[in-house]
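Reader: I'm in my first year and still learning how to look at a structure. Could you pick one part of this one and walk me slowly through it, along with whatever sits around it?

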Amino acid sequence: MVRTEGPRSLYSGLVAGLQRQMSFASVRIGLYDTMKQIYSRGSENTGIGTRLLAGCTTGAMAVAFAQPTDVVKVRFQAQGQLPESGSVKRYSSTIDAYKTIARDEGVKGLWKGCLPNITRNAIVNCSELVTYDIIKELILKYNLMSDNMPCHFTAAFAAGFCTTIVASPVDVVKTRYMNSVPGQYNGATNCALTMLINEGPTAFYKGFVPSFLRLGSWNIVMFVSFEQIKRAVVKFQQA
């Protein structure tokens, strides 16, 4: 990509990506602890079932709220160097992408792939947040590390790996379906079946390494930053 399209191609769709993360993360991560408290009715001892339910809930809420940003991000990143008449339309900017999709496909086009994305985000949310929660608790329980940055880094790295293994198949189907031309697939299930028949089961793990690099680095940056910001906010409130 760097050789044929230049270094900037690696940051294609950055604005849409930032819009997506700011809206998705605010809901799915910001409300996670609140949902845990609601489902556990204020109890400090929350079981894995409660955590999974909280992760699924906030993941689904985030998609319902911010799906258009994800559609635009996927389309914008996938357009690459395709010609104007290609299967993926070219957009001059993220705002142009929102307008073009709404004009050509209707407002519903901005929520294309919403159902598989809800499934994907429920899985990713549970994998990321619950795995991080459990691994961090185990590290602290057995005194392997103290509650500081190395502990957060280790738990986040492990959460990223687990998330990639669990979420890769849904992620591949979601991206393939959201980036398809109208009428190519009858739905997300049809897309998955078509991939399985034509390309075999390994198709669901295409791009595993870059996916792990993305989710692994994302988890490390997100959780380490989240823990430090949370501590800073608590100190500020106490002061």
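**A close look at the largest pocket**

Author: Let's go with the largest pocket, and start with what its wall is made of: 16 nonpolar, 17 polar and eleven charged residues make up the lining. Keep in mind as you look that this is a predicted model.

How much space does the largest pocket have? Its volume is about 1700 Å³. A total of 44 residues line this pocket, and if you want to find its centre on your screen, look for L10, S12, K73, Q77 and R214, which lie nearest to that point.

Next, which helices does the wall come from? At least two lining residues of the largest pocket come from each of α2 (14-28), α4, α7 and α9. The top contributor is α9, which puts seven residues into the lining of this pocket. Hold on to α9, as we'll run into this helix again.

Now for the second largest pocket, which holds about 240 Å³ of space. Its lining has 15 residues, with Y132, D133, K136, E227 and K230 the closest to the centre. Here α3, α6 and α9 are each good for at least two lining residues, and α6 has the largest share, six residues. What classes of residue do you find in this lining? Seven are nonpolar and eight are charged, with no polar ones.

Pockets are open, but there is closed-off space to look at too. How many cavities of 30 Å³ or more are there? The count is one, and the volume of this largest cavity is about 70 Å³. The residues around the cavity are R20, Q21, R28, R120, N121, V124, E128, R214, L215 and W218. You've already met R214, one of the residues nearest the centre of the largest pocket. Helices α2, α6 and α9 each bring at least two residues to the cavity lining, and α6 gives the most, with four. Sorted by class, the cavity is lined by five charged, three nonpolar and two polar residues.

So much for the gaps; what about the packed parts? In soluble globular proteins, nonpolar side chains tend to be buried together. Here, the largest nonpolar core has 15 residues, and I29, Y32, L129, Y132, A156 and F223 are the ones that touch the most other members. Each of α3 (32-39), α6 (114-141), α7 (149-178) and α9 (208-238) supplies at least two residues of this core. There's α9 again: this helix gives the most to the core, four residues. Y132, by the way, is also among the residues closest to the centre of the second largest pocket.

Zoom in on I29 for a moment. Skipping residues up to four places away in sequence, I29 touches F24, L129, W218, M222 and F226. Of these, W218 also lines the largest cavity. Apart from the core that I29 belongs to, there's another one of eleven residues, including A16, V72, A97 and Y98.

One more helix residue is worth a click: L52, in α4. Is L52 buried, partly exposed or exposed? L52 counts as partly exposed, because its relative accessibility is 35%. If you leave out neighbours within four places in sequence, L52 is in contact with C126 and V130. Its C-alpha atom is separated from that of F208 by 24 Å, and the two residues are 156 apart along the chain.

Now hop over to the loops. R41 sits in the loop between α3 and α4 (48-78), and its phi is near 55°, a positive value in a residue other than glycine. With 81% relative accessibility, R41 counts as exposed. N143 tells a similar tale: its phi is also near 55°, positive although the residue isn't glycine. You'll find N143 in the loop between α6 and α7, and its relative accessible area of 66% makes this residue exposed.

Last, zoom right out. An unreviewed UniProt entry carries the annotation "repeat: Solcar" for residues 1-38, 46-138 and 147-232. Take residues 1-38: the end C-alpha atoms lie 46 Å apart, and the span is 68% helix and 0% strand. For residues 147-232, the end C-alpha atoms lie 15 Å apart, in a span that is 78% helix and 0% strand.

Conventions. Residues numbered from 1 in each chain as written. Predicted model: local features only at pLDDT ≥ 70, side-chain atom pairs only at ≥ 80, totals over all residues. Heavy atoms only, no water. UniProt positions renumbered as here; feature names shortened; annotations may be inferred. Core = buried A, V, L, I, M, F, W, Y, C linked by side-chain atoms within 4.5 Å. Buried < 20%, exposed > 50% of the residue type's maximum accessible area, 1.4 Å probe, protein only. Contact = heavy atoms within 4.5 Å. 1 Å grid on protein atoms, 1.4 Å probe; cavity = no way out; pocket = protein on both sides within 12 Å on 5 of 7 lines; lining within 4 Å. Points joined across faces, edges and corners; volume = space filled by probe spheres on them. Nonpolar A, V, L, I, M, F, W, Y, C, P; charged D, E, K, R; others polar.
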